[in-house]
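I opened a fresh page for this one and kept my notes short. Follow along with the model on your own screen.

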Amino acid sequence: MPRVRPPAVAGTFYPADPGELRRQVEAHLAAAAPAGPGKRRVKAVIAPHAGYVYSGPIAGSAFAGLSADRDRISRVVLLGPAHRVPLRGLGLPAADGFATPLGEVPVAAEAAAAVRRLPAVCESLAAHAPEHSLEVELPFLQVVLDEFDLLPLVVGDADGEEVAAVLDAVWGGDETRIVISSDLSHYLPYEAARATDRETARAIVDLESPLRRGRACGGVPIDGLLTAARRRGLEARLLDLRNSGDTAGDRQRVVGYGAFDFLEVA
């Protein structure tokens, strides 16, 4: 029987009602500032993964640029940090699909088989079951894209080179996009967070890795993308940089959010 990973945070991180969820996602995408002209392909994005009331506007900035290629994209490689279950390496789900209130997304079986052979990759139902870092990105992808397959990987105790090896194995061509799920600084005062996140954003745009410890909860998957981006000559752009003090929280202890894309240089 097909095994589908059910949503774990619908109704908390984002609306459980499909109509309201779609309306919120479409509003965040519509409000995204244009990234600027250019015909270069967006190969990868970094998007935040907090509750939509906090990070939804910044996530919209990350995903809006994929809409131009929606007819060509058929596979998304999605990596995010493990928040709740300790994990060595990168974890595949024991599932054939992921469900959200907007429907089911099939897991890309061939891509999963390709990375399963790598020494840092394992299968972990436990790590995926409660994890929000991948799940909150799916409604944005479901609204922006037509039908697509998903390679979802939770990243635990790993390093950037191990992540880069996984990305290399499934880099693909025009049909494949990479999404890294990460927030930035955590629980700093507002002005300190802004300064810290500006420096982190500069390092990402300059493709400098590894990121300094504590700068991003998805720092390891980001490091892997930065390593792969340097090798392949990608150019990174900052699209949006805000924090919870700008969206829906107080300014005493904030969480930082950044949206970035990575362009293939002709």
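**Entry 1: the pocket**

Which helix gives the largest share of the lining of the largest pocket? I looked it up, keeping in mind that this is a predicted model. The answer is helix α9, residues 219-232, which supplies four residues of that lining.

Next I noted the volume of the largest pocket, which is about 390 Å³. Its lining holds 20 residues, and those closest to the pocket centre are Arg213, Ala216, Cys217, Gly219 and Val220. I also sorted the lining by class and found eleven nonpolar, four polar and five charged residues.

A reminder to myself on how such space is found: rolling a probe the size of a water molecule over the atoms shows where empty space is left.

**Entry 2: the cysteines**

Cys217 turned up beside the pocket centre list, including Arg213 and Ala216, and that sent me to the sulfurs. How many disulfides does the structure hold? I found zero. For Cys122, the nearest cysteine sulfur belongs to Cys217 and lies 19 Å away, and Cys122 is in no disulfide.

Why is there no bond at Cys217? Its sulfur is 19 Å from the closest cysteine sulfur, the one in Cys122, and that is too far for a bond. For the notebook: a disulfide is a covalent bond between the sulfur atoms of two cysteines.

I checked exposure for both cysteines as well. Cys122 is partly exposed, with a relative accessible area of 27%. Cys217 is partly exposed too, at 28% relative accessibility.

**Entry 3: helix α8**

I moved on to helix α8, residues 190-205. This helix has 16 residues and spans 22 Å from its first C-alpha to its last, close to the 22 Å expected at 1.5 Å a residue.

Which residues of α8 are buried? I wrote down Tyr190, Ala193, Thr196, Asp197, Thr200, Ala201, Ala203 and Ile204. Looking down the axis of α8, I see these buried residues fall within an arc of 155°, so they line one face of the helix.

**Entry 4: around α8**

I then read the backbone on either side. Tyr187 sits in strand β10, residues 186-188. Its phi is positive, about 65°, although Tyr187 is not a glycine. Tyr187 is partly exposed, with a relative accessible area of 47%.

The loop between α8 and α9 gave me two things to mark. Leu207 is found in that loop, and its phi is near 60°, again a positive value in a residue other than glycine. Is Leu207 buried or exposed? Leu207 is buried, at a relative accessible area of 12%.

Pro210 is also placed in the loop between α8 and α9. The peptide bond that joins Ser209 and Pro210 is cis, with omega of about 5°.

**Entry 5: helices α1 and α3**

Helix α1 came next, with 14 residues and a reach of 20 Å from first C-alpha to last, close to the 20 Å expected at 1.5 Å a residue. Its buried residues are Leu21, Val25, His28 and Leu29. Down the axis of α1 they fall within an arc of 100°, so they line one face of the helix. On the other side of α1, I found Arg23, Ala30 and Ala31 exposed.

Glu26 is found in α1 as well, within residues 18-31. Glu26 counts as partly exposed at 38% relative accessibility. I paired Glu26 with Asp69: they are 43 residues apart in sequence and 17 Å apart in space, C-alpha to C-alpha.

Helix α3, residues 109-116, has Ala111, Ala112 and Val115 buried. Seen down the axis of α3, these fall within an arc of 100°, so they line one face of the helix. On the other side of α3, Ala109 and Glu110 are exposed.

**Entry 6: a strand residue**

Last on my list was Val254, which is found in strand β12, residues 254-264. Where does Val254 stand, buried or exposed? Val254 is buried, with a relative accessible area of 0%. Val254 and Ser244 are ten residues apart in sequence and 5.3 Å apart in space, C-alpha to C-alpha.

Note on methods:
Residues numbered from 1 in each chain as written. Predicted model: local features only at pLDDT ≥ 70, side-chain atom pairs only at ≥ 80, totals over all residues. Heavy atoms only, no water. 1 Å grid on protein atoms, 1.4 Å probe; cavity = no way out; pocket = protein on both sides within 12 Å on 5 of 7 lines; lining within 4 Å. Points joined across faces, edges and corners; volume = space filled by probe spheres on them. Nonpolar A, V, L, I, M, F, W, Y, C, P; charged D, E, K, R; others polar. Disulfide = S-S within 2.5 Å. Buried < 20%, exposed > 50% of the residue type's maximum accessible area, 1.4 Å probe, protein only. Expected span 1.5 Å × (residues − 1). Arc of directions from axis to C-beta.
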